[in-house]
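Work through the exercises below with the sequence and coordinates open. Each task is followed by its solution in steps.

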Amino acid sequence: MQTHILGYPRIGSKRELKKACEQYWSGKIVLEELLNTGRNICNQNWAIQKEAGIDLIPCNDFSYYDHVLDMSLIVGAIPARYHEVILKKNGSELDLYFAMARGYQKEGLDITAMEMTKWFDTNYHYIVPEFYKNQQFKLTSNKIFNEFAGAKHAGINAKPVIIGPVSYLLLGKEKEPGFDKLDLAQHLLPVYIEILTKLQEQDAEWIQFDEPFLALDLTEKAKETYQWVYQEIRKQFPELKLIIATYFDGLKDNLSLATVLPVDVLHVDLVRNPEQLEEILHSVPDNLSLSLGIVDGRNIWKNDYKNSLNLIKKAIENLGTERIFIAPSCSLLHSPCDLSFETHLNPEIKNWLAFAKQKVQEVVTLKELATGTKDENILIDSEENRKAITGRKTSSLIHNETVKQRVNAITEQDGQRKNSFRIRKEEQQKVLQLPLFPTTTIGSFPQTTEVRSWRASFKKGELTAKQYDILLKEETRRTIQWQEEIGIDVLVHGEFERNDMVEYFGEQLKGFVFTKNGWVQSYGSRCVKPPIIFGDVFRPDPMTVYWSQYAQTQTKKWVKGMLTGPVTILQWSFVRDDQPRSETCKQIALAIRDEVVDLEKAGIRIIQIDEPAIREGLPLRKNDWQNYLKWAVESFRISASGVEDATQIHTHMCYSEFNDIIENIADMDADVITIECSRSQMELLNAFADFKYPNEIGPGVYDIHSPRVPSKGEMIELLRKAQNVIPASQLWVNPDCGLKTRHWEETEKALIAMVAAAKEASAEC
Ligand code: GLN
Ligand code: ZN
């Protein structure tokens with residue numbers, strides 16, 4: 001039996017890489033210093049795994065920005081627009097690499113970055129490879145060989161990790177018509193062969209190919225490509241030991257394909273899909289070993305050894321110990337680095353958690369336990385584990401009967417507004433008296449350095465709660481007054497009191513904790529620190545009423561209450577694994593519902609429940625979509641349905657395609673939905689138009705992600721486009737998303753122009 005790790009976090013346990021990259025980009029450190037930081041992180045990671053006793057330690061899992069971009073550079077998939085950077089920069093590979101990741105605006109060049117998108121169903125974003133017809137590939141970077149040599153220097157014969165050729169192609173985007181990216185396998189394979197040849201020359205024994213697409217729905221062509229590619233590789237390298245790693249879902253209908261691929265080890269995700277083990281054990285051929293992905297790489301909970309050992313034993317019974325590998329379910333890239341830095345956590349809760357470093361130890365301990373160790377420390381560890389797991393099952397910190405009962409008592413009625421939208425619309429119009437093309441914004445106004453510094457000072461104790469409150473109120477009052485002055489119809493308070501749209505609510509809800517250092521890479525140097533939902537969620541006190549009510553007293557216009565929806569709170573947190581996600585989501589939904597009702601009681605007649613993460617929560621397999629959408633939509637409806645017909649519920653979603661889920665979006669039954677739309681030139685509206693979406697829509701008329709101030713003319717043009725597909729009586733006018741990251745200067749100009757555009761468009765009707 002062997003242990004291995006699919007990949008280790010590369011940001012450094014104190015986010016050293018983030019800091020070094022950002023300093024390098026701003027010219028504060030030189031290349032050699034950045035490279036040093038990178039090497040140090042690799043060495044630290046290797047040392048952690050070596051000390052723990054891992055058998056196969058990965059290399060090339062490190063990356064300065066993104067491992068998919070690394071692959072693009074290795075195989076020379078460098079879009080033509082970067083060739084000038086290569087010429088200008090005589091030599092530095094890393095500058096070319098960062099140019100591809102971030103764009104290049106220097107020395108008279110202005111080259112756009114490559115596109116970025118989500119890595120499967122995680123919150124990690126990768127740089128999308130760009131593919132062209134007849135594209136050729138060429139070994140271009142030595143990163144993988146250097147890292148292998150670095151590990152060797154540290155006394156480790158590492159297992160290089162490479163994105164498998166088929167997944168690499170499937171991750172990319174065809175940038176011109178007339179070809180299928182999978183056809184490029186013919187051209188790509190020789191470069192993989194070259195890479196493997198070199199690694200073999202360096203004495204590599206093991207190679208890990210990440211092929212996550214094997215756990216997704218595959219076309220026939222993809223299946224054929226899988227067979228062809230791996231047969232070719234096997235032919236060339238009969239000696240190399242090859243691992244194919246799948247994760248994030250079960251193999252399901254691809255099982256027979258996965259087990260015929262001529263490799264030595266198949267890694268499967270038994271956290272996401274433990275049920276697949278039985279079937280896999282009956283289908284693995286004699287010459288294939290199985291890697292059990294048993295320690296959750298996507299979440300922060302301690303492994304339940306008893307549970308895991310049951311699975312491992314079952315595998316041993318069928319295959320024998322020799323053919324079993326123990327591993328985390330996926331790369332630990334998605335886990336925070338090290339729990340031991342969390343000195344402020346409640347010790348009982350901390351005892352339920354494991355971050356990457358601890359997970360490495362768990363993998364080793366599981367092997368020891370499975371092979372019948374007598375090691376005293378391991379046995380103590382196992383006993384502690386048992387106590388922690390049973391303690392968590394019954395802890396009064398987690399379990400709240402009232403919350404559980406309330407969720408159990410949810411009826412269909414709870415997700416139902418009193419009357420249909422048609423009737424609500426009339427009731428709302430009687431109260432709200434809004435004009436045609438009502439104007440509003442998505443919620444946040446600029447979080448200036450000043451606003452941030454108040455919050456920092458308040459947290460440090462340099463400002464009293466009273467002083468902080470006065471400053472925020474003044475900022476809120478000014479923002480309200482300004483919106484009123486420029487003639488916006490539905491005002492917002494500006495969200496100055498909020499650090500983050502999930503954290504702000506998590507901090508006030510029961511059942512959440514926050515780490516000090518639980519950072520996870522989101523993209524490049526960007527890291528996030530997701531809250532941990534450990535227990536039954538409820539709302540001890542109103543969360544936003546104070547600010548909304550204050551804002552409403554400052555104006556005669558309507559102020560829109562601003563909440564984050566249950567699905568988004570769930571999606572952007574580490575979620576408890578001792579009950580279905582749907583259950584946790586409904587608990588949050590009830591908490592938000594209470595807030596909605598309290599806002600209404602406080603005189604707030606328009607309430608927005610943001611759900612930007614609904615789409616990203618979609619399962620990887622289409623078969624599972626409807627089940628997810630059912631509880632996700634239901635959760636939203638529960639949160640929104642406690643109010644009178646005359647109270648108007650808004651929701652907001654950021655850039656997402658709605659075509660395939662428009663029915664479910666309509667089923668949310670928000671009175672108004674605002675969507676990010678301007679970058680697609682209103683094309684996203686077509687899904688709503690084709691569906692004859694009955695409720696109101698605010699398609700964003702300008703892109704808030706850029707400092708550029710849009711002209712009145714272009715916004716009128718977009719509004720005309722919108723009216724071509726959606727009746728004017730259904731349309732709102734608003735920016736794409738919140739204005740938090742913008743400066744006041746451009747915000748003022750943009751919103752003044754937006755209001756003018758709405759007026760003019762309305763006069764045209
Ligand atoms: N109300 C939030 C804001 O304006 C919405 C943010 C989002 O959609 N991501 O900041
Ligand atoms: Zn948004």
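What covers the buried residues of helix 14? Strand 1 (2-3), helix 2 (31-52), strand 13 (289-295), helix 12 (305-319), strand 14 (324-328) and helix 15 (376-394) are included in that cover. The model is predicted: local features need pLDDT of at least 70, side-chain atom pairs count only at pLDDT 80 or more, and totals for chains, interfaces and linings use all residues. Residues are numbered from 1 along each chain as its sequence is written, and chains are lettered from A and ligands numbered from 1 in the order in which they are written.

**Exercise 1.** Check the length and burial of helix 14 (residues 356-370).

Step 1. Helices (H or I, at least four residues) and strands (E, at least two) are DSSP runs, numbered from the N terminus.
Step 2. The expected span is 1.5 Å times one less than the number of residues; for the 15 residues of helix 14 this gives 21 Å, in agreement with end C-alpha atoms 21 Å apart.
Step 3. A residue is buried if 20 or more other C-beta atoms, placed from the backbone, lie within 10 Å of its own. Helix 14 is largely enclosed by the rest of the structure, because 12 of its 15 residues are buried. Among them are Lys-357, Val-360, Glu-362 and Leu-366.
Step 4. Just after helix 14, Gly-372 has a positive phi of about 75°.

**Exercise 2.** Find the residues that surround ligand 1.

Step 1. Count a residue if its C-beta atom, placed from the backbone, lies within 6 Å of the ligand.
Step 2. The shell has 13 residues, the closest being Ile-442, Gly-443, Ser-444, Pro-612 and Gly-738.

Terms used: Contact = placed C-beta atoms within 7 Å.
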